[in-house]
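Here is a short report for a reader who is new to this structure. Please look over the sequence and the model before reading on.

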Amino acid sequence: MDTYADLVFLGGRVVTVDAEFSVASALAVAGGIITAVGGQDDVAPLVGPGTRIVDLRGATLLPGINDSHLHGCAFGMATPPLSLDLGHPAVSSLADVAEAVREAVGRVPDGQWITGHGWDTGYLDECVSDPSRLPSRHDLDAVSPDHPVVLYSFSGHATWVNSKALELIGIDRHTVAPPGGAIVADEAGEPTGLLHEGAQALVQNALPPLSRQERTDAIRSTLATLARLGVTSYTEPGLGPGGDGIMRGALGAETLDVYRRLLADGELTARLGVLLLPTGMASTAEEFARTLTALGESGDTDPRRLAIHGVKIFADGIVPNKTSWMHEPYVGGGCGSLCVGGETDDERIAEIDAIIRHAHVAGHQVGVHVTGDRACDTVADAFAAAMAEHPRPDARHYVIHGDFLTAHSMKVLAAHGFGVNMNPTIKWTVADMEEEFVGVGRAAYAWPYRDAIDAGVRVASGSDAPVTYPDWRQGVATMMLRESKAAGRVSGPEQRIGLAEAIRTYTIDAAWQDFADDWKGSLEPGKVADLCVLAGDLLTADPHDIPEMPVVLTVVDGQVVHNTLRD
């Protein structure tokens, strides 16, 4: 035998995610490539003296998980020990948040900024009992009068600061919010300490930028977490000048340089796809075009380990801030708007059309952050118009989030071979809370997986970490059950999908988004050996039990990066 296998797996459920979603019981790997899939007889001839044989003992072998929308550096910065954990269930009230800040004050030197991430009014008791009660600087001032405090919401679209931070930033009742942003004020006109959307840049500009070491430590932390979760590929959806004002520059261009260094040093233990972020919110087409041209091209890395796929564009905001652009008003009024430059809806539509057209003509894949139904229709039509004007085979543009994709949007996306990147773990997190903003019916419809798949749209799934924890198991359970995190209520049962469909969104269809479905995303001979082993039989598990099924082995390119499986 010329080439024996390095690894052979036996005695489990090998879920291939091939076109038929066939299930085998054995798999062999040599030189980082899958060489055989089938039964024991198919791999037996490949076993040599140096072959490692892994007895799965009934476990499930899957393609490595591809989280197709995950802010790696930001996630590392947003989790302990680099930041206070203010997500549910770590905190459940404004008082809990204040206590966490008080403890931090006792640990850090005088004057040092205290940061935290993950607060969500849908899980803070005072806000739940009284929806008009919002976080305020006064909640923080008593425990931290001298340390500036900046606390980022779970969504990344709102920041909560104390009075000391407002003083250092220079925000008062006379401060005008940047375009696309809001400085929340009380009845007396004084800032409450809440900053929405583009106004958050005022905080970021006052903070010291992340050092290279901080970025490196954050990404290393993320890579370790992803290995434990079976995630072997992810997309950083936006690194560039437009991210310099987000989370101390975690989405800035310097982060891409850190990734390149980690790859060169052999420390990048997951495959990385990148969307460049030339500009942030409230951009004009002229500014976008100028900045994108200045970024230039970079193809100096192994494209199977680190690839720049295209560009990210912001079209609107998010539902909890009522900044998603909707056809029908929110509960309480208002429809939101596009967040690009322009004074009127028509002017903003023209700007987003021009931005998308420029990126398309320049040859980039285009991923557009868009959540509201009217904004989704606008972006889908802009994709189609750009393609009609400048035909490009297999551009693979996609809608990011697509919370309220309409039948029209889906028809347009499917007709042109475009995709959508949805977020089941966000659906799980916000399903109950969204009802107060858009009503029961629209909240139930949000993230319409069933309709999108039935319409022929390619659907990939991502966590949007640090917005949610990057646990694909919870994502799969949510796609199958549509149950909410807070109350466990079913939200939109007609949008449920099956296990096989859910797994595809995290594997082969996520690989499609990466232009990589011909070499990763399924367990077939000739494809790379990116593998995830889940304890137990996933195919027969109760969906409620899937989030607790342990990931016992993770393999990237034939190399084990996580292992608690005894063989």
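## A strand and its neighbours

Strand β12 (residues 158-161) is joined to β14 by three bridges, and the two run antiparallel. This is a predicted model. One pair can be picked out by name: T159 has L195 as its bridge partner in β14.

β14 has another partner. Strand β13 (residues 181-185) is joined to β14 by four bridges, again antiparallel. Here I183 has L195 as its bridge partner in β14. L195 is thus the β14 partner of T159 and of I183. A185 stands opposite P191 in β14.

The link from β13 to β14 is a hairpin, with five residues between the strands. In that turn, G189 has a positive phi of about 90°.

These strands belong to an open sheet of six strands. The order is β9-β10-β11-β12-β14-β13, and the pairing is mixed. β9 (84-85) and β13 stand at the edges with a single partner strand each, so one side of each has no neighbour in the sheet. Within the order, β14 sits between β12 and β13. Seven of the seven residues of β14 are buried, so the rest of the structure largely encloses this strand.

In a regular strand, side chains alternate between the two faces of the sheet.

## Just past the strand: Q200

Where does Q200 lie? Its place is in the loop between β14 (191-197) and α7 (201-204). Is Q200 buried or exposed? Its relative accessible area is 11%, under the 20% cut-off, so Q200 counts as buried.

Which residues does Q200 touch, apart from neighbours within four places in sequence? The contacts are G156, H157, A158, T159 and L195. Two of these have already appeared: T159 and L195 are bridge partners. F383 makes a reference point elsewhere in the chain. Q200 and F383 are 183 residues apart in sequence, and their C-alpha atoms are 29 Å apart in space.

## A second set of strands

Strand β23 (residues 551-556) is mostly covered, with six of its six residues buried. Strand β22 (residues 531-534) pairs with β23 in the antiparallel sense over four bridges. Strand β24 (residues 559-563) also pairs with β23 in the antiparallel sense, over four bridges.

L553 has a named partner in each pairing. V533 has L553 as its bridge partner in β23. In β24, the bridge partner of L553 is N563. β23 and β24 form a hairpin with two residues between them. D557 in this turn has a positive phi of about 55°.

The two hairpins are listed below.

| Hairpin | Residues between strands | Turn residue | Positive phi |
|---|---|---|---|
| β13 and β14 | five residues | G189 | about 90° |
| β23 and β24 | two residues | D557 | about 55° |

## The whole chain

The protein chain has 18 helices and 24 strands. Its C-alpha trace spans about 80 × 60 × 45 Å along the principal axes. With 567 residues, a compact globule would have a radius of gyration near 24 Å, and the chain agrees with its 23 Å.

Buried residues make up 58% of the 567 residues. Among contacts with a separation of 6 or more, 72% join residues 24 or more positions apart. The exposed area is about 20800 Å², and carbon and sulfur atoms supply 51% of it.

The chain carries 41 positive and 76 negative charges. The mean positions of these two groups are 3 Å apart.

Terms used:
Residues numbered from 1 in each chain as written. Predicted model: local features only at pLDDT ≥ 70, side-chain atom pairs only at ≥ 80, totals over all residues. Heavy atoms only, no water. Rg over C-alpha atoms; globule rule 2.2 N^0.38 Å. Buried < 20%, exposed > 50% of the residue type's maximum accessible area, 1.4 Å probe, protein only. Contact = heavy atoms within 4.5 Å. Areas by Shrake-Rupley, 256 points an atom, 1.4 Å probe, with all protein chains shown as cover. Lys, Arg positive; Asp, Glu negative; His and termini not counted. Charge placed at Lys NZ, Arg CZ, Asp CG, Glu CD. Pairing = 2+ DSSP bridges.
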